[in-house]
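These notebook entries record what I looked up in one structure. I began with a single loop residue and then worked outward to the chain as a whole.

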Amino acid sequence: QLQASGGGLVQAGGSLRLSCAASGRTFSSAHMGWFRQAPRKEREFVAAIMWSGLSIYADSVKGRFTISRDNAKNTVYLQMNSLKPEDTAVYYCAGFRSGSMLSESSYDSWGQGTQVTVPS
């Protein structure tokens, strides 16, 4: 089970940190990801972090967002800086199963989503 939190309304250029608390799985050995879905758009990959700490990012957020994890707290984070109106979306954390880490079909558990709004 995944529980995402930390969303909100922030002005352009501001920052937010999303959290995703995991339970019911061996978190320390799990790859985790963040996806987002903007209004009238498909859900898209944002970032992922492997159990080793190695991370990958979508080009649209590279250099602005940082994914991290705290295995002692069974939590994965998404630090979002220099936010833009186009970052407005519902953000979902997900647990990886197999396949490409960029594809949502490779994830088999999903949090409920947390809304991030950056007004233009």
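**Entry 1: Lys73.** I began with Lys73, which I found in the loop between S7 and S8. The model is a predicted one, and I kept that in mind for every entry below. I then asked whether Lys73 is buried or exposed. Lys73 counts as exposed because its relative accessibility is 56%, and the cut-off for that class is over 50%. I also looked up its separation from Ser23, which is 50 residues away along the chain. The C-alpha atoms of Lys73 and Ser23 are separated by 9.9 Å.

**Entry 2: Asn74.** I stayed in the loop between S7 and S8, where Asn74 is also placed. Asn74 is not a glycine, yet I noted a positive phi of about 50 degrees for it. With a relative accessible area of 26%, Asn74 is partly exposed.

**Entry 3: Arg40.** I next turned to the loop between S4 and S5, which holds Arg40. Here I recorded a positive phi of about 65 degrees, although Arg40 is not a glycine. Arg40 has 83% relative accessibility and therefore counts as exposed.

**Entry 4: Gly63.** I located Gly63 in the loop between strand S6 (55-57) and S7. Its relative accessibility is 79%, so I entered Gly63 as exposed. How far apart in space are Gly63 and Trp110? From C-alpha to C-alpha I read 25 Å, for a pair 47 residues apart in sequence.

**Entry 5: Tyr57.** I found Tyr57 in strand S6. Setting aside residues up to four places away in sequence, I listed what Tyr57 touches: Phe45, Val46, Ala47, Lys62, Phe65, Thr66 and Ile67. I also checked Tyr57 against Gly13, 44 residues apart in sequence, and the distance from C-alpha to C-alpha is 19 Å.

**Entry 6: the nonpolar core.** I asked which residues touch the most other members of the largest nonpolar core. They are Trp34, Leu78, Met80 and Tyr91, in a core of 36 residues. Two or more residues come to this core from each of strand S1 (2-5), strand S3 (16-22), strand S4 (32-37), strand S5 (44-49), strand S7 (65-70), strand S8 (75-80) and strand S9 (89-96). In soluble globular proteins, nonpolar side chains tend to be buried together. I then followed Tyr91 and, leaving out residues up to four places away in sequence, noted its contacts, among them Leu18, Trp34, Phe35, Val46, Phe65, Leu78 and Met80. Tyr91 also touches Arg36, Gly113, Thr114 and Val116.

**Entry 7: the chain as a whole.** I counted the elements last and found zero helices and eleven strands in the protein chain. I looked up the radius of gyration, which is 13 Å; this agrees with a compact globule, because 120 residues packed in that way would have a value near 14 Å. Along the principal axes, the C-alpha atoms fill a box of roughly 40 × 25 × 25 Å. Of the 120 residues, 45% are buried. Among contacts with a separation of 6 or more, I noted that 55% join residues 24 or more positions apart.

**Entry 8: surface and charge.** I recorded an exposed area of about 6000 Å² for the protein chain, with carbon and sulfur atoms supplying 48% of it. I closed with the charges: the chain has 12 positive and 8 negative ones, and their mean positions are 4 Å apart.

Key. Residues are numbered from 1 along each chain as its sequence is written. This is a predicted model: local features need pLDDT of at least 70, side-chain atom pairs count only at pLDDT 80 or more; totals for chains, interfaces and linings use all residues. Side-chain values use heavy atoms; hydrogens and water are left out. Helices (H or I, at least four residues) and strands (E, at least two) are DSSP runs, numbered from the N terminus. The radius of gyration is taken over C-alpha atoms; the globule rule is 2.2 Å times the number of residues to the power 0.38. Buried means under 20% relative accessible area, exposed over 50%, partly exposed in between (1.4 Å probe, protein chains only). Contact means heavy atoms within 4.5 Å. Accessible areas come from the Shrake-Rupley method with a 1.4 Å probe; for residues, only the protein chains shown count as cover. Lys and Arg count as positive and Asp and Glu as negative; His and the chain ends are not counted. The place of a charge is taken as NZ of Lys, CZ of Arg, CG of Asp or CD of Glu. A nonpolar core is a set of buried Ala, Val, Leu, Ile, Met, Phe, Trp, Tyr and Cys residues joined through side-chain atoms within 4.5 Å.
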